[in-house]
Amino acid sequence: MRVVVIPLMAISAVFAVVAGFAALQQELSLTATLPLGLPWLPWQIRLDSTSGFFLMLIGLVTLLITFYAPAYVREFESGQDSLPALGGFTGIFLAGMQMVVLADGAFAFMVSWEVMSLSSYFLVTFQHEKPENRRAGFIYLLMAHVGGLSILLGFGVMAAFGHGFAFDAMRAATLPTTWASIAFALALFGFGMKAGLLPIHAWLPEAHPVAPSHISALMSGVMLKVAVYGLLRFTWDLLGNPLWQWGVVLLLVGAASALAGVLFAMMQQDIKRLLAYSSVENIGIIFMALGLSALFSGTGHPVLATIGFVAALYHALNHAMFKSLMFLGAGAVLHASHERNLDQMGGLLRRMPWTGLFVLLGCISISALPPFNGFVSEWLTFQTALQAWTMDSGILRILLPVTAAVLALTGAIAAATFVKLYGIAFLGRARSRHARRAREVPFGMRFSLGSFSLMCLLLGIFPTQVISLLGGITNQLMGQRLAQATAHGWLWLTPVSAETASYSAPLVFAGALGIWWIAQGLLRRGRVRKIRRGDPWDCGFGMPDARMQYTAVAFAQPMRRVFSTLFDVKESIEQDKAEIPRYTLTIHDPLWYRFYLPIGRLVDASARRIVRLQSGNVRIYLGWSLATLVILLWLIS
Amino acid sequence: MADLLNLKEWVAVLGQLLMFALAAPMLVAWVKRVKCVLQNRKGPSLLQPYRDLSKLLKKEVRVAHTASPLFRATPYLVFSAVLVAASTVPLLQVHLPTTALADVIVLVGFLALARFFLALAGMDVGTAFGGMGASREMLISALAEPAMLMAIFTLTMSAHSTNLSSVIQHVLDTGLLLRPSLLFALLALLLVAIAETGRIPVDNPATHLELTMVHEAMILEYSGRHLALMEWAAQIKLLLYGVLISNVFFPWGIAETATAPALAIGALAILAKLVTLGMVLAVSETLVAKMRLFRVPAFLNLAFLLGLLGMLSYVILETSL
């Protein structure tokens, strides 16, 4: 595995990055026909700016992960799980994702899409001896198929009007508004299911955490972006000219996903589950920006629509970077301490200083704090929403700032969530023997984490370069280049105009560093430079021990109480025979009971009705076949 | 767009930064002084916070065995983040080159960055107090931030700009009278400022070692120059909110040109505004008792509703004209 698969992955990733970057920068449009597919359905591929961007994103994350994977999979070598399966399905998974973004026809797209879904199912169930992994895999497989079906139907609507499965034919077709909206709804359901939008997110927090960590990084960091790509390609490229009503739908669904995702992330104690819920939040933010873009383009503000679109693409890129970093960091913690429960960690920063530093940078980025990358894309989203005054409708003028306030709430709770994650896992004192014995991870893993955090910093400090690069995509899809955003040189980011808003990330970063340097220089030079080490304050009762620290459950308690109406929270305190009280807390996703289980029961009940057909008598079966045949013949003729 | 090579403007920025840093302890002392007078006590001198800071700067630093390097870096980081935020709030004159570098959303972002590290440092030593403070601070800020941005959105939507200089210029040009949206935004921002700077009724800066403390719980383990920086940063933050509220909502007197007489009037004006605002704060702290933690969400929801009302009245009353 380490000798063959990982170098191959690296080579493919380098080609993807180079090809994607070239396509994005030169705004190429290359087409080719692969010798696959059926004689009347050739398998066409095309590399343009949009697919180039996503190809580059896939390649970049894959490339950095190849430094991480060799050391990480080493511990599976002595285990009972099959490494060739892991390597093989990872390869197929990557190939599937690259083919999805390159496909230039519904046929190639759907086949690649299913290859991606199926291969990732096998990666989720890699450690299949655990029942929860099999359950997660089953939910994932089920929902992936429902979603795939919906996308297929969406393409079906398009193909009916375009008279062909090639994307060119679909692009040329003009759909009546009703049918266009139906196609959009089907696509939103299908791609939204893969992206993890509320309320069709249930598979995501189950499936992402149980895969090996570098696969979780690929699934959360990259596969969700492929779903975003699917929606972009379908709505902005094939359907074209999104209606403002679609924008409202995207905005509301995105806001609900962002808020619910981050609130559930706050409640988790499993580090990887927390990160998976945070992916729901970030996908919500991307969809909010897309919704703003659709709203503005539907009401005749192409420039503002472009800013929203760029914000969405920028956040997709950022999320790929910091979520991969965080999942790999969680993997490093898992590697070092074999713990996924936050309440068994603590004090890891002093035992794993490099991992600790890189994960800290990831936490700052993901909490949308300046000067890191998460802030830039949220800033752009805010700037788009604040142009609401250009709207004619009063309701929209109110709706936009309110969703912006939801975004602010999401960002603030995200900061609380990652203070919790970092403070409980990396700071304080070790809460278990495993955490006490944790050691720094090998160089390859640290190198990968370090490169991801460097990317987060660079994407935060040099936004103008990124945005001028994204101009190719917006030019292709919306005919706008967003020239004014970078018109004042590389130092200044001015999305609407210099008078409306400007942000100079390099100068602000330099200023902050300068003030830090001066403060440190002035104070460290004084007479008393020495620092004395002592015990922490103990209120006069003797040294507090590690069990007296706040736990992840305790940290989230105020938040749990304030937002208690949104969760199914069950708390109980029981005393066992030795009179030791035991506190148990269970939090459920309320949608699971109110949405999924009723659907499940409905399917069960209808299955019980249909089972009556299965009498075991061959003659009756033949009768059914004949009836079906007759009906089909009647339909065709 | 700011002219980066104009040395005079950068001198103004540096001067403003120094003024923020040097005047901040005075505002805290003034509020304390007025409170003492209202409570029939003899208050400390207005110079007392300076004496405290210089004493702390001279003292030896004591750090817990269990602390990580993050604990020692945080005071510097918090201090510089708050100062970066302060450098973007016009103090004496409307036009400041740094407002183009970082708009009001970046300002909120830098305050959030400072808070993020403050909370992490609280959890670093591994005592129950630190975790308690961090958990509560993050709850309060999570509810305060949307309210603050709602108030700011009202302002920035009516000014069509998130640049603070442009916002102040817009308020100066149009006037405050008969603008219900600004009034609601002002009330919302006042409530948020109380929560964010840890004043009564949300947090009590005078309490030590009580189970109600929030900010003090997080910095409990700090000593010496580290503590001095943390306290100083908190004082600058209070001044920042004071200047933000006075100059955005009551911009009268602020210098529109960088001439000596205009700047002198600007200095007198901001001084008068801060003295008044400090008195308002002292009176409200004397009249209102500290709240239980779980009543703070209602307080901040009120702030958010006021911000929303401001936005509604802007959209309904002021744009349809």
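Let's start with a cluster of charges in chain A: A:Arg46, A:Asp48, A:Asp168, A:Arg171, A:Arg233 and A:Asp237 are linked in a network of salt bridges. Keep in mind while you look around that this is a predicted model. One pair inside that network is A:Asp48 with A:Arg46, whose closest N and O atoms sit 3.3 Å apart. Both A:Asp48 and A:Arg46 turn out to be buried. Across all chains, the structure holds 15 salt bridges.

A:Arg46 also gives us a way into the strands, as strand β2 of chain A covers residues 41–47. Strand β2 pairs with strand β1 (residues 30–38) of chain A; the two run antiparallel and are joined by seven bridges. If you'd like to find the register, look at A:Leu30, whose bridge partner in β2(A) is A:Leu47. And how many residues does the hairpin use to join β1(A) to β2(A)? Just two.

Back to the charges, this time between helices. The side chains of A:Glu206 and A:Arg135 meet in a salt bridge, at 3.5 Å from N to O. A:Glu206 belongs to helix α8 (residues 203–210) of chain A and A:Arg135 to helix α5 (residues 131–162) of chain A, so this pair ties together parts that are 71 residues apart in sequence. Are the two partners buried or exposed? A:Glu206 is buried, with a relative accessible area of 18%, because the cut-off for buried is under 20%. A:Arg135, at 41% relative accessibility, counts as partly exposed.

Now for a contact that involves chain B. B:Glu60 forms a salt bridge with A:Arg532, and here the closest N and O atoms are 3.0 Å apart. B:Glu60 lies in the loop between α2 (48–58) and β1 (61–64) of chain B, while A:Arg532 lies in strand β3 (residues 531–534) of chain A, so the pair joins two chains. Both ends are partly accessible: B:Glu60 counts as partly exposed at 32% relative accessibility, and A:Arg532 is partly exposed too, with a relative accessible area of 41%.

Last stop: the surface, without the charges. A:Val3, A:Val4, A:Leu8, A:Ile11 and A:Phe15 form a nonpolar patch there, with about 550 Å² of accessible area together. A:Phe15 is a handy one to pick out; you'll find this residue in helix α1 (residues 5–26) of chain A. With a relative accessible area of 60%, A:Phe15 is exposed, because the cut-off for exposed is over 50%.

Note on methods:
Residues numbered from 1 in each chain as written. Chains lettered and ligands numbered in written order. Predicted model: local features only at pLDDT ≥ 70, side-chain atom pairs only at ≥ 80, totals over all residues. Heavy atoms only, no water. Salt bridge = Lys/Arg side-chain N within 4 Å of Asp/Glu carboxyl O. Buried < 20%, exposed > 50% of the residue type's maximum accessible area, 1.4 Å probe, protein only. Helix = DSSP H or I, 4+ residues; strand = E, 2+ residues; numbered from the N terminus. Patch = residues over 30% accessible without salt bridge, like charges linked within 9 Å, V, L, I, M, F, W, Y side chains within 5 Å. Areas by Shrake-Rupley, 256 points an atom, 1.4 Å probe, with all protein chains shown as cover. Pairing = 2+ DSSP bridges.
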